[in-house]
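Please open the model in your viewer and keep the sequence panel visible. The tour below proceeds by selection, with a short account of what is found at each stop.

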Amino acid sequence: MKKIILVFFCIAIFSCSKTDKKKGIHREESKKEVTVTPVLVKNKLVFSVQIAALRNPNAKLASLANMYIYNEDDLLKYRVGSFKTYDEAKVYTIALRIKHQGAFVQAMLNDLPISIKDALQY
């Protein structure tokens, strides 16, 4: 008999708590539309250091700080840093060559690679 009373008591408690939750106050969240307008910077010249060009993704390289990955010529090109001058990028390249022997400076004009010769005349 005690078990039956305990079961009814539990059912009554659970059913009350469910209805209380349903009666809660509904607040409407304000939905604001955010419009993002891209800002195009013409003739943006930067220098970065390319450390690899691979056919398959490399999670270890992708996780490095300041890493930019470009998909060019069916290759994933891993470039690090964004420098205003060639000299800054060159100094950084020397430091990177300890771990990445093939690292070199790549000039980028509007996110497209250009030759260093053209970049230095720019």
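**First stop: Lys77**

Select Lys77 and Glu72 in this predicted model: their side chains form a polar contact at 3.5 Å. Lys77 belongs to strand E3. Is Lys77 buried or exposed? Lys77 counts as buried because its relative accessibility is 14%, and the cut-off for buried is under 20%. Now display the surroundings of Lys77. Beyond the neighbours within four places in sequence, Lys77 is in contact with Gln50, Ala52, Ala53, Tyr68, Ile69, Tyr70 and Glu72.

**The whole chain**

Zoom out and colour the chain by secondary structure. Four helices and five strands are present, and their order along the sequence is α-β-α-β-β-α-β-β-α. The chain has 122 residues, of which 25% count as buried. Among contacts with a separation of 6 or more, 55% join residues that are 24 or more positions apart. If a surface is switched on, it represents about 10,400 Å² of exposed area, with 59% supplied by carbon and sulfur atoms.

**Two loop residues with positive phi**

Next select Asp73, in the loop that links strand E2 (67-72) to strand E3 (75-83). Although Asp73 is not a glycine, its phi is positive, at about 50°. Asp73 counts as exposed because its relative accessibility is 65%.

Move to Asn110, which is found in the loop between E4 and strand E5 (112-114). Asn110 also is a residue other than glycine with a positive phi, here near 55°. With a relative accessibility of 35%, Asn110 counts as partly exposed.

**Gln106 in strand E4**

Strand E4 spans residues 104-109 and contains Gln106. Gln106 counts as buried, since its relative accessibility is 13%. Which backbone atom lies 3.1 Å from a polar atom of the Gln106 side chain? It is the backbone oxygen of Ile114. Show the contacts of Gln106 as well: apart from neighbours within four places in sequence, they are Val46, Phe47, Ser48, Gln50, Arg79, Pro113, Ile114 and Ile116.

**Ala119 in helix H4**

Continue to helix H4 (residues 116-121) and select Ala119. Ala119 is buried, because its relative accessible area is 4%. Draw a distance between the C-alpha atoms of Ala119 and Ala107: the value is 6.3 Å, for two residues twelve positions apart along the chain. Ala107 is also one of the residues that Ala119 touches outside the four-place window, together with Leu45, Phe47 and Ile114. Two of these names have already appeared at the previous stop, as Phe47 and Ile114 are in contact with Gln106.

**The largest pocket**

For the last stop, select the residues that line the largest pocket: Ile51, Asn58, Lys60, Leu61, Leu64, Ala65, Met67, Val80, Tyr92, Leu96, Lys99 and His100. The volume of the largest pocket is about 230 Å³. Which helices each supply at least two residues of this lining? They are helix H2 (59-62) and helix H3 (86-96). Colouring the lining by residue class gives eight nonpolar, two polar and two charged residues.

Methods
Residues numbered from 1 in each chain as written. Predicted model: local features only at pLDDT ≥ 70, side-chain atom pairs only at ≥ 80, totals over all residues. Heavy atoms only, no water. Buried < 20%, exposed > 50% of the residue type's maximum accessible area, 1.4 Å probe, protein only. Contact = heavy atoms within 4.5 Å. Areas by Shrake-Rupley, 256 points an atom, 1.4 Å probe, with all protein chains shown as cover. Polar contact = N/O pair within 3.5 Å; in protein donor to acceptor, adjacent residues only side chain to side chain. 1 Å grid on protein atoms, 1.4 Å probe; cavity = no way out; pocket = protein on both sides within 12 Å on 5 of 7 lines; lining within 4 Å. Points joined across faces, edges and corners; volume = space filled by probe spheres on them. Nonpolar A, V, L, I, M, F, W, Y, C, P; charged D, E, K, R; others polar.
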